[in-house]
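Here's a quick tour of a protein model. Have a look at the structure first, then work through the notes that come after it.

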Amino acid sequence: MPLLVRPTQKGNSNMEMFLGILLVSVGGLVMGGLGWPMKLMQKFQFEHWWFIGMLFGLFIVPWLITLTMCPNAFEAYGNVETSVLLKSNLFSLCWGIANVILGICFVRIGIALSFAILTGVGVSLGVTIPMVVKPTGLF
């Protein structure tokens with residue numbers, strides 16, 4: 001299957017590069033600032049802060065975005081096969097567990113080392129697992 005690449009105009013390539021660098025920079029700032037509020041909230045324990053972050057980041061904000069952008073979300077979910085919903089919820093549960101473990105790593109070994117380990121393991125598994133699961137190379 002050939003890759004489909006959208007041709008770009010020569011004048012737009014600088015703007016696209018600028019937007020790409022801007023998005024990567026904003027993403028880096030957000031990732032770097034993730035653990036910063038934990039240092040400001042000295043009177044709360046790690047579990048209190050992480051519970052609030054996970055509650056908003058994994059439940060409240062996604063559902064608000066889903067229900068505002070897709071008013072028939074529940075009807076759409078009703079049309080999805082049960083096996084697909086079960087698999088996606090299983091992966092969501094694993095994602096939530098990984099977030100809690102990441103928060104524990106922040107407290108135990110520090111933010112910088114936690115992100116270094118997370119990035120290394122995530123990239124290596126993210127490359128190898130699809131090749132093992134689908135050996136055809138078509139992800």
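What follows is a short briefing, grouped by topic.

Keep in mind as you read that this is a predicted model. The protein has 6 helices and 0 strands, so if you're hunting for strands you can stop, given how those elements are assigned. Of its 139 residues, 10% count as buried.

**The big picture**

- Start at the N terminus and walk along: the elements go α-α-α-α-α-α.
- The accessible surface of the protein adds up to about 11700 Å², and carbon and sulfur atoms account for 74% of that surface.
- Now for the contacts between residues at least 6 apart in sequence: 44% of them join residues that are at least 24 apart.

**The nonpolar core**

- Which residues make up the largest nonpolar core? There are 6 of them: Trp49, Trp50, Met54, Leu102, Phe106 and Phe115.
- Two elements each give two or more residues to this core, namely helix 3 (46-69) and helix 5 (82-109).
- Helix 3 is the top contributor, giving 3 residues.
- Met54 is one of the core residues, and if you skip its neighbours within four places in sequence, Met54 is in contact with Phe59 and Asn99.

**An aromatic cluster**

- How many aromatic pairs does the protein have? The count comes to 2.
- One pair is Trp63 with Phe74: their ring centres are 5.7 Å apart and their planes sit at 15°, so this pair is stacked. To count as stacked, the planes have to be under 30 degrees apart.
- Trp63 belongs to helix 3 and Phe74 to helix 4 (residues 73-78), so the pair ties together parts that are 11 residues apart in sequence.
- Buried or exposed: what about Phe74? With a relative accessible area of 58%, Phe74 is exposed, because anything over 50% gets that label.
- Trp63 is partly exposed, at a relative accessible area of 36%.
- Trp63 also pairs with Tyr77, and this aromatic pair is edge-to-face, with 6.1 Å centre to centre and 70° between the planes.
- That pair links distant parts of the chain too, with Trp63 in helix 3 and Tyr77 in helix 4, 14 residues apart.
- Tyr77 is partly exposed, with a relative accessible area of 38%.
- Put the three together and you get one aromatic cluster of Trp63, Phe74 and Tyr77.

**Two residues of helix 6**

- Ser114 is found in helix 6, which covers residues 111-133.
- Why does Ser114 count as buried? Its relative accessible area is 4%, and the label fits because buried means under 20%.
- Leaving out neighbours within four places in sequence, Ser114 is in contact with Leu102, Cys105, Phe106 and Ile109. Leu102 and Phe106 may ring a bell, as they are among the residues of the largest nonpolar core.
- Ile117 lies in helix 6 as well, and its relative accessibility of 45% makes Ile117 partly exposed.
- How far apart are the C-alpha atoms of Ile117 and Leu102? They are separated by 10.0 Å, and the two residues are 15 apart along the chain.

Conventions: Residues are numbered from 1 along each chain as its sequence is written. This is a predicted model: local features need pLDDT of at least 70, side-chain atom pairs count only at pLDDT 80 or more; totals for chains, interfaces and linings use all residues. Side-chain values use heavy atoms; hydrogens and water are left out. Helices (H or I, at least four residues) and strands (E, at least two) are DSSP runs, numbered from the N terminus. Buried means under 20% relative accessible area, exposed over 50%, partly exposed in between (1.4 Å probe, protein chains only). Contact means heavy atoms within 4.5 Å. Accessible areas come from the Shrake-Rupley method with a 1.4 Å probe; for residues, only the protein chains shown count as cover. A nonpolar core is a set of buried Ala, Val, Leu, Ile, Met, Phe, Trp, Tyr and Cys residues joined through side-chain atoms within 4.5 Å. Rings of Phe, Tyr and Trp (its six-membered ring) pair if their centres lie within 6.5 Å; planes under 30 degrees apart count as stacked, over 60 as edge-to-face and the rest as tilted.
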